[in-house]
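Student: I have just opened this structure and would like to understand the words people use for it. Could you take me through some of them?

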Amino acid sequence: MTTQRRDILKYTLAAAAAASTLPTAQGQAPSGAAAATAAAIGIDPRDRVFITNEDSNTIVVIDPKTNTVESTINLTSFDEDPRPPFRYVSAGVAPTHAAMIHKPLYHGCIDAHGAVPSPDGRLLATSGRGSSNIYLIETEQRRVIGNTPNPAAGLTTNPERLSSGLLLGREPHEPTFTRNGKELWVTLRGEDRIAIVNVEGAVRQLKGADSPGSTAIHQFLPTLNGPAQVWFNREGTLAFVVSQKVSQVDVFRVNPGADGQSQPQRLTTLDISAQDKHGFTPFMKTTPDGAELWFSHKLADALSCRSTRGGFDLIDSVPLGRGARPNHVEFVSNARGSVVYASLGRIDDGGPGGVASSPIAIIDRRAPAGQRKVVGTFFSYGRESHGLWTNPENTLLYIAHEQDELPGTPNAGQTVCSAFDVRDPLKPAFIAQIPLGNLALPSGGLRNKKSINLVYVRVGAKEQTA
């Protein structure tokens, strides 16, 4: 048995043992004991988890108090008209995903992907990779901004017509709000540039309050080939851009003016070929203290960490093992530890209960700089883990998954989200596996499928983008 395998089993057994004392998601309201546990963990009534589902073009909303699906936000344009070309199901036969989104009269989202909350948690931005646009969503109302009453509304149609969102360009991957919340920077992987959007202008444009022909796009910023994501330093003065085509990181001075709008200038371009020779870095994030920037090098099966200051020097390079395929990173720092979690796309047989599951890597950030490494793993209770996010108290972790559960498992055929108690960051305790279910359309149920990004939002509170 390998050392990694032993670590996997050790942390999985610890999680399973701890789970017996925590609330689970079985469609039940929390008991008194579970409610007390939720309060101890730090769940606020405003808290919600939002998950983008790429194959169904939906956003699932989970209530962490009960760990059940509260609602599903519809980004499709199915069932806005009673005639067959507009329907999700035609002649009683459910078409393939590709056939559904390529119907000639479909105007909804294609490939819902990136998601990020505004600094105050009141807005959620999500990208439609295939439809070349972004949508803004009011998190408290769970409402897409710009939706209008459907003139064909009735018993067999939806009451609203979906907004067209904001058309930005080819392959918008990840949107990110500036620290002051005034702008949204969206990487366009297919155009080698960043769309910089004025947020207030975008809301006005989506609501139809601006004059015809006006645009909320402040500017297009040329950058690396295949830009994947922008993230800002804690002060909001620097923007870092990673790529999925070249082994480089672009660094820009943001230069916000008195109105909060930026006038970016390229500061430097970093060579990261020693850490990512394949040139495929889809995700990055700064640590809560703002001192470090962690990168996920998916094809290199590794993470790396650089300083956000000075010359942006390399601090750590962390191998994850062959075939690990890291997706996102997240940080938990509390009284009992400080760690980096990395979601791995790899799926291992022999997970909890003998069910295939992805591992999550744990890196101990309290180790000296330059010596940090994987100190353990735990199973994600899902297949092909992707987005992950913690609550503001750093006591809860939620994980999204791309692949459905296998036949013969408790949530067979469902895409699932999983929740963990991370009050001890080095020993995450499993709480719940949450099936995402269906979006109820008049013509049938559209299964929420292939989760990509996940964010934990406390409406009106300071978010990780602040």
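**Strands, a sheet and a cavity**

Tutor: Gladly, and keep in mind that this is a predicted model. Let us begin with β5: Leu123, Ala125 and Ser127 point one way from this strand, Leu124, Thr126 and Gly128 point the other way, and all are buried.

Student: What makes these residues of β5 "buried"?

Tutor: The word applies under 20% relative accessible area. Leu123, Ala125 and Ser127 on one side and Leu124, Thr126 and Gly128 on the other are all buried, so each falls under that cut-off.

Student: Why is strand β5 called largely enclosed?

Tutor: Six of the six residues of β5 (residues 123-128) are buried, so the strand is largely enclosed by the rest of the structure.

Student: How do you know that β4 and β5 pair?

Tutor: Pairing takes at least two bridges. Four bridges join β4 to β5, so the two strands pair, and they run antiparallel. Pro117 stands opposite Leu124 in β5. The two strands form a hairpin with five residues between them, and in its turn Gly121 has a positive phi of about 75°.

Student: What makes β5 and β6 a pair as well?

Tutor: Six bridges connect β5 with β6 (residues 133-138) in the antiparallel sense, and at least two are needed, so they count as paired. Ala125 has Leu136 of β6 opposite it. Here the hairpin has four residues between its strands, and Ser132 in the turn has a positive phi of about 60°.

Student: Which strands are the edge strands of the sheet β19-β20-β21-β22?

Tutor: This is an open sheet of four strands with antiparallel pairing. Its edge strands are β19 (283-286) and β22 (314-319), as each pairs on one side only. Within the sheet, β20 (residues 292-297) and β21 (residues 302-307) pair over six bridges, and Glu292 has Ser307 in β21 as its bridge partner.

Student: How many cavities of 30 Å³ or more are there?

Tutor: A search of the whole structure finds two. The largest has a volume of about 100 Å³. Its lining has 16 residues, and Ala115, Glu174, Phe283, Trp389 and Asn453 lie nearest its centre. Among the elements giving two or more residues to this lining are β4 (112-117), β19 and β33 (451-458).

Student: What makes a residue in the lining of the largest cavity count as nonpolar, polar or charged?

Tutor: The amino acid type decides: Ala, Phe and Trp count as nonpolar, for example, and Glu as charged. The lining divides into nine nonpolar, five polar and two charged residues.

Definitions and conventions:
Residues numbered from 1 in each chain as written. Predicted model: local features only at pLDDT ≥ 70, side-chain atom pairs only at ≥ 80, totals over all residues. Heavy atoms only, no water. 1 Å grid on protein atoms, 1.4 Å probe; cavity = no way out; pocket = protein on both sides within 12 Å on 5 of 7 lines; lining within 4 Å. Points joined across faces, edges and corners; volume = space filled by probe spheres on them. Buried < 20%, exposed > 50% of the residue type's maximum accessible area, 1.4 Å probe, protein only.
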